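This report describes a single protein chain. The sequence and the model are shown first, and the description follows under short headings.

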Amino acid sequence: MCATCGCGQDSAVITIPHEHPHHDDGHPHDHDHPHEHGAHDHEHPPATRTLTLDQKVLAKNDRLAARIRARLAERNILALNLTSSPGAGKTTLLERTIRELGDVPMAVIEGDQETLLDAERIRATGCRVVQVNTGAGCHLDAEMMRGALDALDPAAGTLLFIENIGNLVCPALFDLGERTKVVVISVTEGDDKPLKYPHMFAAAGLALINKIDLLPYVDFDVETCRRHARAVNPAITILPVSATTGDGLFRWYRWLSEQRSIPSSTLEDANAPA
């Protein structure tokens, strides 16, 4: 069980699309409850008990994430942890990115509670992908990341995208060994999103404001959202884009090129403006 968020997560199923899936028949295992007090004992466990357990869970995760980060660095693999609310457009963004930067070696780790739907969409682009299904779990963790890496075995120099589960709470806390987190929000969600989910925006190096093609039809102000995000994280980079129409994606590709050495000719092929 995840002591940090109480999601009951204790296992995951990792699947390579179109290969025989393995089903997890295990059941969540609850932690033992603190010993019961006597009939006349009205004391409660110290308030720090849960915090201490949370710190242990996160510390164990962070130690493994550090080893994963070193493993990726040895092979010059750039890993980016993509997070968002459900429906913000992460998968559409990845599909278009993979197709338009076709000369760049890429791989994807897909995180969802159930189904292979997003992994099959990525596989249709020709990109290598593994699916991690968490069941009741609301986030990926470093142990799942290690299992997915073992299954995927990305080549040296790969640009590795980790599409995390649609959730802006717990994924902010769990380091997967990535270079940085990329948070994707859409203009349909409201420009106050950074204030409502400050931990995610504080943890992210880049925020993509997606679906800007819908700006004429929704009550969303890009500058207000930008101001809110920078109030939480002054160093965050903010890029308005549309994964559907391609508007502004040259900024995303340019940012990727700054994180990893992508040939300029590839950017030109992706219709990047001068």
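## Confidence and overall content

The model is predicted, with a mean pLDDT of 84 for the protein. A pLDDT of 70 or more is reached by 77% of the residues. Residues 19–41 fall below 50, and this stretch makes 15 contacts in the model beyond near neighbours in sequence. Where pLDDT is low, the predicted coordinates should not be read in detail.

The protein has 274 residues, of which 48% count as buried. Its secondary structure consists of nine helices and eight strands. Among contacts with a separation of 6 or more, 72% join residues that are 24 or more positions apart.

## Strand S5 and its partners

Strand S5 spans residues 159–163 and is mostly covered, with five of its five residues buried. In a regular strand the side chains alternate between the two faces of the sheet. In S5, Leu159, Phe161 and Glu163 point one way, while Leu160 and Ile162 point the other way. Residues of both groups are buried.

S5 has pairings with two strands described here. Strand S2 (residues 78–84) pairs with S5 in the parallel sense over five bridges, and Leu78 has Leu159 as its bridge partner in S5. Strand S3 (residues 106–112) also runs parallel to S5 and is joined to it by five bridges. Here Met106 has Leu159 as its bridge partner. Leu159 is thus a bridge partner both of Leu78 and of Met106.

## The nonpolar cores

The largest nonpolar core comprises 29 residues, and those with the most contacts inside it are Leu80, Phe161, Leu208, Trp252 and Leu256. The elements giving two or more residues to this core include the strands S2, S3, S5, S6 (180–186) and S7 (204–210). Helices H2 (90–100), H3 (117–123) and H8 also belong to that list. H8 supplies the largest share of the core, five residues. Apart from this core lies another, of 20 residues, which includes Leu64, Ala65, Met144 and Leu160.

Leu80 illustrates how the parts of the chain meet. Leaving aside residues up to four places away in sequence, Leu80 touches Leu159, Leu160, Phe161 and Ile162, among others. Its further contacts include Glu178, Arg179, Thr180 and Val182, as well as Trp255 and Leu256.

## Helix H8 and the preceding loop

Which residues of helix H8 (residues 249–259) are buried? They are Leu249, Trp252, Tyr253, Trp255 and Leu256. Viewed down the axis of H8, the buried residues fall within an arc of 155 degrees, so they line one face of the helix. An α-helix has 3.6 residues a turn, so residues three or four places apart point the same way.

Tyr253, which lies in H8, counts as buried because its relative accessibility is 1%, under the 20% cut-off. The C-alpha atoms of Tyr253 and Leu101 are 8.2 Å apart in space, although the two are 152 residues apart in sequence.

Gly248 is located in the loop between strand S8 (237–240) and H8. Gly248 is buried, with a relative accessible area of 11%, and touches Pro240 and Val241 when residues up to four places away in sequence are not counted. From C-alpha to C-alpha, Gly248 and Leu208 are 10.0 Å apart, with their positions 40 residues apart in sequence.

## Positive phi in two loops

Most residues other than glycine have a negative phi, and most peptide bonds are trans. Asn76 has a positive phi, near 55 degrees. Asn76 lies in the loop between helix H1 (48–74) and S2 and is exposed, with a relative accessible area of 59%.

Asp153 likewise has a positive phi, of about 50 degrees, and is not a glycine. Its place is in the loop between helix H4 (142–152) and S5. At a relative accessible area of 48%, Asp153 is partly exposed.

## Cysteines

A disulfide is a covalent bond between the sulfur atoms of two cysteines. How many disulfides does a search of the whole structure find? The search finds zero. Cys138 is buried, with a relative accessible area of 18%, and Cys170 counts as buried at 5% relative accessibility.

Note on methods
Residues are numbered from 1 along each chain as its sequence is written. This is a predicted model: local features need pLDDT of at least 70, side-chain atom pairs count only at pLDDT 80 or more; totals for chains, interfaces and linings use all residues. Side-chain values use heavy atoms; hydrogens and water are left out. Buried means under 20% relative accessible area, exposed over 50%, partly exposed in between (1.4 Å probe, protein chains only). Helices (H or I, at least four residues) and strands (E, at least two) are DSSP runs, numbered from the N terminus. The arc is that of the directions from the helix axis to the C-beta atoms. A disulfide is a pair of cysteine sulfur atoms within 2.5 Å. pLDDT is the predictor's confidence in each residue, from 0 to 100. Contact means heavy atoms within 4.5 Å. Two strands pair if DSSP finds at least two bridges between them. A nonpolar core is a set of buried Ala, Val, Leu, Ile, Met, Phe, Trp, Tyr and Cys residues joined through side-chain atoms within 4.5 Å.
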